[in-house]
Amino acid sequence: MKIADLRVNHVKNALGFQLGSPGFSWKVIDGGDAKRQKSARIIITSKELTVFDSGDDPYANSLDYQADIKLMPRTHYDWSVTVTADNGETACASSWFETGKISEAWKAEWITPGFDSSIQPIMAREFTVKNEIKKARMYMCGLGVYELYMNGQKVGDEFLAPGYHSYDFHLQVQTYDVTSYLKQGVNEVQIWLGDGWFKGRFGVEGGYTNLYGDRLYAISELYITYQDKTEEMIGTDGSWKCRQSPITFSNIYDGEIYDARLEEDRNWEAVIVKAPTGCGPLTDRYSLPVVKKDRFDVAELIHTPKHELVLDFGQNITGWVEFDCDLPRGTDLCLTASEVMQDGCFYHDNLRTAKTEYTYLSKGEKAHVRPHFTFYGFRYVKVECKQPVSSESFTAYHLRSDFDQIGRIETEHEKVNKLFANVLWSQKDNSLDVPTDCPQRDERLGWTGDAQVFSETACYNMYMPAFYRKYLWDMRAEQDALGGSVPNVVPRLKQGLIAGHGASPWADAGVIIPWNVFLHYGSKTLLNEFYPVMKSWVDYRRNQGEEIADRHLVKDGFHFGDWLALDHDEPGPFGKTDTLYIASAYYYRCAKIVSEAAKVLGYERDSLKYGELALAILAAIQAKYVSPTSIGETQTGSALAIAFNLNPEYQAQEGEELSKRVELNNHHLNTGFVGTPLLCPALTKTGYHSTAVDLLLNEGYPGWLYSVNLGATTIWERWNSILPDGSLNPDGMNSLNHYSYGSVAAWMYADICGIRPQEPGFKKAEIRPHPDPRLGRVRGILDTAAGLFISEWDYGKDGKVSYSVSVPFDAAAILYLPPGRYKDINGMVQPHDGKGIELRAGTCRFTEQ
Ligand code: BGC
């Protein structure tokens with residue numbers, strides 16, 4: 001018996017994170033004979049004093065343990081958990097966390113360079129370390145984006161700090177352990193700054209500059225604690241100096257220019273003390289750090305018919321390319337990133353106005369080169385240089401927020417496995433601090449609709465609570481300024497077309513995402529933190545309804561609806577399914593979720609109120625849209641009705657209709673953002689699982705395997721972003737890395753493998769596998785918040801199915817098998833009536849007889 005995954009507020013070794021009321025979590029692995037937690041004891045110490053001791057607590061919740069402590073700023077805490085199991089065995093593990101400044105006032109001042117604000121600066125100062133150091137911490141924020149250097153060495157492994165958030169409402173502070181970077185005597189601290197999302201060109205249709213500010217700023221406090229326990233603080237102030245950085249240009253979309261000759265520049269000037277205007281207050285960080293996660297060597301070196309030199313890294317990733325450079329002084333090397341080749345040549349047009357370049361000017365010395373304040377969504381990189389370069393010196397790195405993969409599905413169908421791998425990649429690639437629509441073209445925005453439809457899949461694939469917590473924290477701030485409405489993109493761009501809000505089902509992200517996070521990770525603390533977001537979105541809808549004298553249906557307004565569905569009569573991105581029906585259905589779903597969330601949180605009155613509202617909306621939907629002959633004239637219409645239980649009375653009929661409609665469409669789907677995640681679950685739910693598998697396995701257009709057959713390594717924005725002849729869809733809007741259609745993976749986990757949470761956080765799971773011989777043997781492996789579940793099924797030579805299920809320590813499952821007779825792990829044959837078998841921790845097997 002071992003304890004693993006000790007986290008505070010869902011972060012391991014949280015340094016300087018916004019803790020609020022901290023939730024502690026852990027899990028027991030390798031339980032052996034131990035099946036359940038009998039009690040757990042949590043001890044928190046600081047400065048050798050015990051600040052919290054739960055004693056042996058029989059109710060200690062391993063998903064979200066609330067310790068009643070008052071956290072002090074800039075303080076290191078050690079904590080341990082000792083678990084006693086039902087068989088008397090115990091195990092203990094320990095970890096730590098450290099607070100940031102919490103609400104401690106800043107002594108340092110914001111500084112900004114005095115020179116032209118288009119020049120990207122380095123701000124620096126020297127300081128003397130007088131004695132032997134015990135520890136040193138730097139608390140800081142830089143705007144737009146920054147890197148911190150101590151004595152010429154970059155501090156930490158984090159990039160693009162402070163990340164992209166709603167700067168108008170809050171500014172995140174990062175905490176760095178700089179102890180090992182300092183030396184006794186004279187030291188130099190440097191802060192390098194770039195425009196980033198804050199000030200650089202950003203947004204669609206050419207974008208906007210100076211969106212959040214028109215200058216670059218930094219603030220930092222370096223606390224040095226000496227061995228003799230004395231403390232010293234060195235903060236940013238008027239004594240700092242600044243100069244032009246070798247990064248002569250940087251921008252999220254367009255790339256970066258680095259002139260290494262400017263490294264020699266010693267023309268320091270005084271900084272100006274000036275705070276950014278129009279920004280929110282400094283606050284401890286929410287964002288997970290953006291780090292390098294995977295590396296790729298060049299898979300193929302391509303010399304194109306147009307005499308271009310192109311590096312193929314074999315996988316569409318988000319990140320950048322680094323290289324070792326040994327070029328004569330003044331020589332430049334230029335890289336351009338892209339997703340796809342066309343006619344064997346380099347192609348860049350689907351990135352629209354994003355230049356995605358990197359230019360390095362050599363100073364004539366060997367150097368390892370990498371970008372600083374930009375990133376790319378790419379598989380291919382064109383290299384331009386007058387001097388010969390070796391492909392071996394180039395390496396691509398995938399950068400994203402630092403969360404772990406927790407789910408995996410393996411089948412014997414190679415193309416389905418590739419599809420699943422592509423879903424994982426599109427999730428990873430669209431998780432650079434913000435859940436984005438795409439990582440490559442001139443968008444890379446936190447579109448709420450994309451995030452909403454993918455959030456269930458996201459929560460299965462990766463450990464997402466901290467990542468979504470940051471997104472929802474921004475959403476909450478944006479919502480406050482919009483009277484409860486949820487913007488189309490978060491952080492909100494307040495300019496142009498994307499400044500809109502309240503469009504369905506984009507804005508419904510405000511309810512669906514926090515709920516999925518709760519179902520998957522079981523943290524009431526997080527649910528409570530985002531309950532105001534959920535509630536105010538439903539209230540906003542309701543108030544709007546009152547204005548038009550019908551609070552129970554959405555009757556007007558702009559809605560994206562089933563975006564990019566293929567069933568429309570007119571060309572364009574809108575699907576055929578009535579957008580107001582979709583909006584009303586989501587309104588119902590959201591009111592129902594708020595009622596359930598209120599119940600979980602003990603807000604009985606709210607629970608009743610939103611429950612009643614949900615029923616009233618449902619009645620209005622049924623009166624307007626439901627008839628005995630089916631709601632849906634479209635695949636999406638029916639899928640939505642079934643998934644949201646809009647027509648329980650006619651559900652069987654609706655399922656039959658839907659299945660027929662799919663068959664009539666030659667087993668092709670034609671759904672967009674709304675219908676795609678719901679279609680297969682709706683078919684399985686109504687008994688047409690085999691039709692759903694037909695859809696999954698259809699290799700023609702439109703279908704999931706179409707893109708796999710055309711060599712996709714990520715999920716595309718359109719079902720046919722690339723046409724069968726390899727050319728890009730002339731309709732435009734062709735990102736090859738949009739995860740929405742990858743939302744089918746949630747169905748693969750929940751229905752093919754059959755794993756879904758019966759209790760939030762998987763303390764109890766429902767295991768209801770749906771075997772299909774076309775997939776061969778299937779294994780779903782899910783390292784949930786409660787521990788590792790495995791659901792596997794396989795066909796024997798006689799065509800009989802065997803099922804194997806593993807349940808982790810301190811969790812339970814109910815296994816639903818098709819009615820029949822099964823041989824269990826001990827060779828006993830027993831009948832099962834389909835009612836469900838209670839399983840405890842351990843592994844069991846059942847073979848159909
Ligand atoms: C984005 C989408 C987004 C949509 C909404 C597109 O440009 O890439 O994924 O949700 O706009 O209009």
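Student: Is Phe560 buried or exposed?
Tutor: This is a predicted model. Buried means under 20% relative accessible area. Phe560 has a relative accessible area of 7%. Phe560 is therefore buried.

Student: What is the geometry of the ring pair Trp447 and Phe560?
Tutor: The ring centres are 5.9 Å apart. The planes stand at 85°, and planes over 60 degrees apart count as edge-to-face. So the pair is edge-to-face.

Student: How many residues apart are Trp447 and Phe560?
Tutor: Trp447 sits in the loop between strand 34 (434–435) and helix 3. Phe560 sits in the loop between helix 6 (524–547) and helix 7 (579–601). The pair links distant parts of the chain, at a separation of 113 residues.

Student: What is the relative accessible area of Trp447?
Tutor: The cut-off for buried is under 20%. Trp447 counts as buried. Its relative accessible area is 12%.

Student: Which residues form one aromatic cluster with Trp447 and Phe560?
Tutor: The count of aromatic pairs comes to 53. Trp447 and Phe560 belong to one cluster. The other members are Trp506, Phe558, Trp563, Phe574, Phe673, Trp704, Trp719 and Tyr741.

Student: Where is the kink in helix 3 centred?
Tutor: Helix 3 (residues 448–461) has 14 residues. From first C-alpha to last, helix 3 reaches 19 Å, close to the 20 Å expected. A kink of about 55° is found in helix 3. The kink is centred on Ser455.

Student: How many of the 14 residues of helix 3 are buried?
Tutor: Helix 3 is largely enclosed by the rest of the structure. That follows because most of the helix counts as buried: 13 of the 14 residues.

Student: Which residues does Asp474 contact, leaving aside its neighbours within four places in sequence?
Tutor: Asp474 is found in helix 4 (residues 465–480). At 0% relative accessibility, Asp474 is buried. Its contacts beyond those neighbours are Tyr164, His165, Ser166, His170, Val490 and Pro491.

Student: In what order do the 4 strands of the open sheet lie?
Tutor: The pairing in this sheet is antiparallel. Strand 3 (residues 37–46), for one, pairs with strand 4 over 4 bridges. The strand order is 4-3-6-7.

Student: Which strands stand at the edges of the sheet?
Tutor: An edge strand here has a single partner strand, so one side is left without a neighbour in the sheet. Two strands fit: strand 4 (49–53) and strand 7 (90–98).

Student: What residue in strand 4 stands opposite Ile43?
Tutor: Strand 3 and strand 4 pair in the antiparallel sense. Opposite Ile43 stands Asp53.

Student: How far apart in space are Asp810 and Lys35?
Tutor: Asp810 is found in the loop between strand 39 and strand 40 (812–815). In sequence, Asp810 and Lys35 are 775 residues apart. C-alpha to C-alpha, the separation is 5.7 Å.

Student: Which residues is Asp810 in contact with, leaving aside its neighbours within four places in sequence?
Tutor: Asp810 counts as buried, at 11% relative accessibility. Lys35 is one of its contacts. The full set is Lys35, Arg36, Gln37, Lys763 and Ala841.

Methods: Residues numbered from 1 in each chain as written. Predicted model: local features only at pLDDT ≥ 70, side-chain atom pairs only at ≥ 80, totals over all residues. Heavy atoms only, no water. Buried < 20%, exposed > 50% of the residue type's maximum accessible area, 1.4 Å probe, protein only. Contact = heavy atoms within 4.5 Å. Pairing = 2+ DSSP bridges. Expected span 1.5 Å × (residues − 1). Bend = angle between axes of the 7 residues up to and from the residue. Phe/Tyr/Trp six-rings, centres within 6.5 Å; stacked < 30°, edge-to-face > 60°.
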